[in-house]
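Have the model open and the sequence alongside, and let's walk through it together. We'll go from confidence to the sheet, then the ligand, and finish with a few backbone oddities.

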Amino acid sequence: MHQFRKLDLEGVIEIVPARHGDDRGFFSEVYNAARFKANGIRPDFVQDNHSYSQARGVLRGLHFQLPPFAQDKLVRVVKGAVFDVAVDIRTGSPTFGQWVGRELSAEKWNQLFIPAGYAHGFMTLEPDTEFLYKVSAPYSPEHDRSIRFDDPAIGIDWPISAAQITVSDKDRRGPLLAEIGTGFSVEAGEAVR
Ligand SMILES: Cc1cn([C@H]2C[C@H](O)[C@@H](COP(=O)(O)OP(=O)(O)O[C@H]3O[C@@H](C)C(=O)[C@@H](O)[C@H]3O)O2)c(=O)[nH]c1=O
């Protein structure tokens, strides 16, 4: 049985797909549109991404795309492990600026669904980590935005200290959440894109 667990921030869901093991190995339906839809995950995914990080302590994020290229993301790890984070960036949300984090690993076989309106980032906990994800809108460099991973107003408790991490120049230079317009808001309980 697939397991779907709502995390503390609205719309962020942890999924553990069933794995059918036998003497050859295992089989797993890592995405099944009908089953995921029945559990509140209903985007039309249009792109699959795969990133490889060589070292432990590689930090990618925090990233999001502005509307109309906002992306829902379904993320997982097929080799190694990461600490994966979603940050609510919906203006007017009661949890604006709050974060939720989960360890994702090939061993745990868990995934996170992160809806549009959240910034996303992860830190590798093991070398040679392979990270796969589906997104609901195509890449658009003009709409791609970073927020600083160490923004003190967000206060993410990353498991590896800043002295031991690898971050791209783009991400190191990213603005603070308070310095940007995120393009997302919540009015009368409705998410507006
Ligand atoms: C994200 C992306 C990047 N690229 C290119 C641009 C650049 O030359 C190279 C590396 O891009 P980046 O440095 O942005 O890659 P990366 O830092 O891995 O970006 C990713 O980070 C995680 C946390 C996310 O949530 C993703 O949505 C995405 O933003 O790949 C694409 O061609 N398509 C894409 O969809």
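This is a predicted model, so a word on confidence comes up front. The mean pLDDT of the protein is 95, and 97% of its residues reach 70 or more. For the complex, the predictor gives an ipTM of 0.98 and a pTM of 0.96.

Now to the sheet. Six strands make up an open sheet, and going across it you meet them in the order β1-β2-β10-β7-β12-β5, with antiparallel pairing. The edges are β1 (3–6) and β5, each of which pairs on one side only. Step from one strand to the next and the twist averages 20°. As a general reminder, the strands of a sheet pair through backbone hydrogen bonds, in either a parallel or an antiparallel sense.

Zoom in on the β1 end. Here β1 pairs with β2 (residues 13–16) in the antiparallel sense, over four bridges. If you want a spot to get your bearings, look for R5, which stands opposite E14 in β2.

Next, the ligand. Which residues are around it? Working along the sequence, you find N49, S51, R60, G61, H63, H120, G121, F122, Y139 and S168. Three strands, β5 (47–53), β6 (58–65) and β11 (118–124), each supply at least two residues of this shell. That brings β5 back into view: this edge strand of the open sheet is also one of the strands supplying the ligand shell. As for chemistry, the shell has two nonpolar, seven polar and one charged residues.

Stay with G61 for a moment, because this member of the ligand shell also takes part in something unusual to look at in the backbone. G61 and L62 are joined by a cis peptide bond, with omega about 0°, and L62 is found in strand β6. Follow the chain on and there's another cis peptide bond, between P67 and P68, where omega is about 5°. P68 lies in the loop between β6 and β7 (73–79).

Phi angles are worth a look too. W109 has a phi near 60°, a positive value in a residue other than glycine. You'll find W109 in the loop between β9 (99–105) and β10 (111–114). Is W109 buried or exposed? Neither quite fits: W109 is partly exposed, because 18 other C-beta atoms lie within 10 Å, and it takes 20 or more to count as buried.

D128 is not a glycine either, yet has a positive phi of about 55°. D128 sits in the loop between β11 and β12 (129–135). Here the neighbour count is 12 C-beta atoms inside 10 Å, so D128 counts as exposed, the cut-off for that being 12 or fewer.

One last stop: L176, in the loop between α2 (169–172) and β15 (185–187). With 13 other C-beta atoms within 10 Å, L176 is partly exposed. What does L176 touch, leaving out residues up to four places away in sequence? The contacts are R148, D151 and A153. For a sense of distance, try A81: A81 and L176 are 95 residues apart along the chain, and their C-alpha atoms are separated by 27 Å.

Notes. Residues numbered from 1 in each chain as written. Predicted model: local features only at pLDDT ≥ 70, side-chain atom pairs only at ≥ 80, totals over all residues. pLDDT = per-residue confidence, 0-100. Near = placed C-beta within 6 Å. Nonpolar A, V, L, I, M, F, W, Y, C, P; charged D, E, K, R; others polar. Pairing = 2+ DSSP bridges. Axes fitted to C-alpha atoms, helices over the stretch in contact; angles between N-to-C directions. Contact = placed C-beta atoms within 7 Å.
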